[in-house]
Every structure is written in structure tokens, then in C-alpha cells.
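Here is a short briefing to read alongside the model. Please keep the sequence and the 3D view open as you go through the points.

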Amino acid sequence: MNAKLRTLWQSRAPRERVVIAVLAVLAGVASYVWLVQAADRAHTRLRASVPSLRAQAARLEQQAGDLERLRSAPPAAASKTDLRTLVQAQAGAAGLSRALVRIDAPDANQVVVVFGAVAFADWLNWVAGLTAQQVRLDVCRVEALSTPGLVSVTATLVRSTGQ
């Protein structure tokens, strides 16, 4: 291969060799300039993103600290209120008491609630709010009603125990 290239190079006239050499140098310089410009554009773009990335990192560090603090904190004490009374009060506070058809308490740590026609989103928010009171959903049956967004719900709620 080298011999063929050498033969090809020597077969060219001295003037052609100079033109080829100059074109090769120009192609090399143009490639170098293009690479330097691309690197400079990338550098500028990355430099502009550094402050926002530093702010994100600071927020993540703060959130990690908060998470560790919350994990090390003792769990919230369960409400000492009667579970039936607590569930009924939470339903009233959420504006779901008129949809509450029945509430039974088979024992002190278990309540069965029956809602006639309740907005599904409101019911989900109510159940999520009960978790702050250390009450969790144990068994649930949700049936869609003919009105869009409304459901009937039969659910068993239990008082959460420490884990």
C-alpha cells in the first residue's frame, strides 16, 4: 500500500504535489477550526446550564436531609379518638357526610363505611387524608354509577399499627 502511494505521489508533477499538499493543509486547518468552534459552542451551552444544575443539586441535598430527618423521627402517634368517630368526623370535614349511607364498627380498630354516590376524586382524597390519622384502607369495593365521576363505595378501614 505504501509503495503504491509513493508511486502515485512521485508520478505527479511537482506543481500538482504542491497543490495537493496545500489542499491537504487547508482541509486540516478547516477541520481544526470546525472542531474548535463546536467545542466552544458546547462549552458556552454547558456553562449556561451550571447555575441551574447547582440549584437542583442544592434542592436535592436539602430534600435528602429532610428525608433523613423524617425517617429518623418517631412515627406519628395514632389518634386516640374512637375510630368510628374519627372516620365520621373526617367524612364531614371532607364534605362527604351526605354521601355516607352507613358506618359500622365491628371492633375498636375496624370500621366499614358505605357511600351511596360520591365523586371518586373526593373519595380518594378522603382516603389519602385518613392515612395522616394512621387509618388505612383494608378492603374496598368501588362501583361506577351511571353519572360520570360518581361511584358507590363499600370500604373497610383499619387503624394502622406500628411497623
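The notes below go from the whole chain to its strands and then to single residues.

This is a predicted model. Its secondary structure amounts to four helices and four strands, and from the N terminus these follow one another as α-α-α-β-β-α-β-β. The radius of gyration is 37 Å, whereas a compact globule of 163 residues would come in near 15 Å.

**Overall shape and surface**

- Along the principal axes, the box filled by the C-alpha atoms is roughly 105 × 45 × 30 Å.
- Of the 163 residues in the protein, 17% are buried.
- The accessible surface is about 12000 Å², and carbon and sulfur atoms account for 59% of that area.
- Counting charged side chains gives 19 positive and 11 negative ones, with 18 Å between the centres of the two sets.
- If you take the contacts between residues at least 6 apart in sequence, 52% of them link residues at least 24 apart.

**How the strands pair**

- Strand 1 covers residues 100-107 and strand 2 covers residues 110-119; the two run antiparallel and are joined by five bridges.
- The hairpin between strand 1 and strand 2 has two residues as its connection.
- One place to look at this pairing is I103, whose bridge partner in strand 2 is V113.
- Strand 2 also pairs with strand 4, residues 150-159, in an antiparallel arrangement with eight bridges.
- Between strand 2 and strand 4, F115 has V153 as its bridge partner, and A119 is bridged to L150.
- Strand 3, residues 135-144, runs antiparallel to strand 4, and nine bridges join them.
- A144 has its bridge partner in strand 4 at V151.
- Five residues lie between the strands in the hairpin of strand 3 and strand 4, and G149 in this hairpin adopts a positive phi near 90°.

**Inside strand 4**

- Strand 4 pairs with strand 2 and also with strand 3, which makes it a good strand to follow through the fold.
- Eight of the ten residues in strand 4 are buried, so the rest of the structure largely encloses this strand.
- S152 belongs to strand 4 and counts as buried because its relative accessible area is 16%, with the cut-off for buried set at under 20%.
- Beyond its neighbours within four places in sequence, S152 makes contact with F115, G116, R141, V142, E143 and L145.
- T156 is another residue of strand 4, and its relative accessible area of 13% makes it buried as well.
- Leaving out residues up to four places away in sequence, T156 touches Q110, V111, V112, R136, L137, D138 and V139.
- As a general point, side chains in a regular strand alternate between the two faces of the sheet.

**Two helix residues to compare**

- F120 sits in helix 4, which spans residues 120-131.
- Is F120 buried, exposed or partly exposed? With a relative accessible area of 33%, F120 is partly exposed, because that class lies between the 20% and 50% cut-offs.
- F120 is in contact with V142, G149 and V151, once its neighbours within four places in sequence are set aside.
- How far apart are the C-alpha atoms of F120 and V153? They are separated by 9.0 Å, although the two residues are 33 residues apart along the chain.
- Q10 lies in helix 1, residues 2-11.
- Q10 is exposed, since its relative accessible area is 52% and the cut-off for exposed is over 50%.
- The C-alpha atoms of Q10 and A42 are separated by 43 Å, and these residues are 32 residues apart along the chain.

**Points to carry away**

- For the chain as a whole, keep in mind the 37 Å radius of gyration and the 17% of residues that are buried.
- For the strands, remember that strand 4 has eight bridges to strand 2 and nine to strand 3.
- For single residues, S152 and T156 are buried, F120 is partly exposed and Q10 is exposed.

Terms used
Residues numbered from 1 in each chain as written. Predicted model: local features only at pLDDT ≥ 70, side-chain atom pairs only at ≥ 80, totals over all residues. Heavy atoms only, no water. Pairing = 2+ DSSP bridges. Buried < 20%, exposed > 50% of the residue type's maximum accessible area, 1.4 Å probe, protein only. Contact = heavy atoms within 4.5 Å. Rg over C-alpha atoms; globule rule 2.2 N^0.38 Å. Areas by Shrake-Rupley, 256 points an atom, 1.4 Å probe, with all protein chains shown as cover. Lys, Arg positive; Asp, Glu negative; His and termini not counted. Charge placed at Lys NZ, Arg CZ, Asp CG, Glu CD.
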